[in-house]
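Please open the structure in your viewer and keep the selection tool at hand. The tour proceeds by stops, each with something to select.

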Amino acid sequence: ITEDNYGATEVLELVPNGENIYVNKSNRQDFVDAYINYVFNASVAPLFEGFSAGFHKVCGGRVLDLFQPSELQAMIIGNTNYDWTELEKSTEYKGEYWAEHPTIKLFWEVFHGLPLEKKKLFLLFLTGSDRIPILGMKSLKLVIQPTGGGEHYLPVAHTCFNLLDLPKYTSIETLREKLLHAIDHNQGFNLA
């Protein structure tokens, strides 16, 4: 086969002496098998070996035998069950904020109206990752506290503590604008 390698065309043999073997009706399945093996195995083998060595250095050992593949996946990439009402229920409030405070009610109204991608961006803004802990939203303890300065300030996240400094906004439009501005211009610590 020929392959483009950073602008240079390379001829690769899929089987030994493959350059001298013509593909015809009798061996075309062999060609397809060799091509698929190259694309999915041989061409990525050096990259995969590096990944595998690094993965096993961090997560290796006999403990891997204890997990089913789906359990290992959940442990590594996190839970994907985004239960936003559970997040609201488990949220704690500090200072003069409580669950029925007008600003808090506006916050949750805006938050629940956001599309999934914006909610995930909020998690990234708040925690440094858009993934849920393996134990679910109830184990993600969000804390919201008031901050001074007025409505022209943006919300501030303290990622180490899952703490959100939320100014006392009085209008839903201002809260939505400031929250979206804060989460859209965030840089997280994710590995992706």
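The stops below concern a predicted model.

**The sheet.** Begin by selecting strands 3, 4, 5 and 6, which form an open sheet in the order 3-4-6-5, with mixed pairing. Next, highlight strand 3 (92–93) and strand 5 (156–158), which stand at the edges. Each of these has a single partner strand, so one side of each is left without a neighbour in the sheet.

**A strand pair.** Select strand 5 together with strand 6 (residues 163–167); the two pair in the antiparallel sense over 3 bridges. Which residue of strand 6 is the bridge partner of histidine 158? The partner to display is leucine 163.

**A helix on the sheet.** Now add helix 5 (residues 102–113), which packs on the sheet and touches strand 3, strand 4 (143–147) and strand 6. The direction of helix 5 makes about 110° with that of strand 6.

**A salt bridge.** Select glutamate 96 and lysine 168, which form a salt bridge whose closest N and O atoms are 3.3 Å apart. This pair links distant parts of the chain, 72 residues apart. Glutamate 96 lies in the loop between strand 3 and helix 5, while lysine 168 lies in the loop between strand 6 and helix 7 (172–184). The whole structure contains 5 salt bridges.

**The largest pocket.** Finally, select Val15, Gly18, Ile21, Val23 and Phe31, the closest to the centre of the largest pocket among its 15 lining residues. The volume of this pocket is about 310 Å³. Its lining comprises 10 nonpolar, 2 polar and 3 charged residues. Add helix 1 (residues 28–40), which gives the most to this lining, with 3 residues.

How values were computed: Residues are numbered from 1 along each chain as its sequence is written. This is a predicted model: local features need pLDDT of at least 70, side-chain atom pairs count only at pLDDT 80 or more; totals for chains, interfaces and linings use all residues. Side-chain values use heavy atoms; hydrogens and water are left out. On a 1 Å grid over the protein atoms alone, a cavity is a set of points where a 1.4 Å probe fits but cannot get out, and a pocket is an open set with protein on both sides within 12 Å along at least five of seven lines; lining residues have an atom within 4 Å of a point. Grid points are joined across faces, edges and corners, and a volume is the space filled by probe spheres set on the points. Helices (H or I, at least four residues) and strands (E, at least two) are DSSP runs, numbered from the N terminus. Ala, Val, Leu, Ile, Met, Phe, Trp, Tyr, Cys and Pro count as nonpolar, Asp, Glu, Lys and Arg as charged, and the others, Gly among them, as polar. Two strands pair if DSSP finds at least two bridges between them. Contact means heavy atoms within 4.5 Å. Axes are lines fitted to C-alpha atoms, for helices over the stretch in contact, and angles run from 0 to 180 degrees between N-to-C directions. A salt bridge is a side-chain nitrogen of Lys or Arg within 4 Å of a carboxyl oxygen of Asp or Glu.
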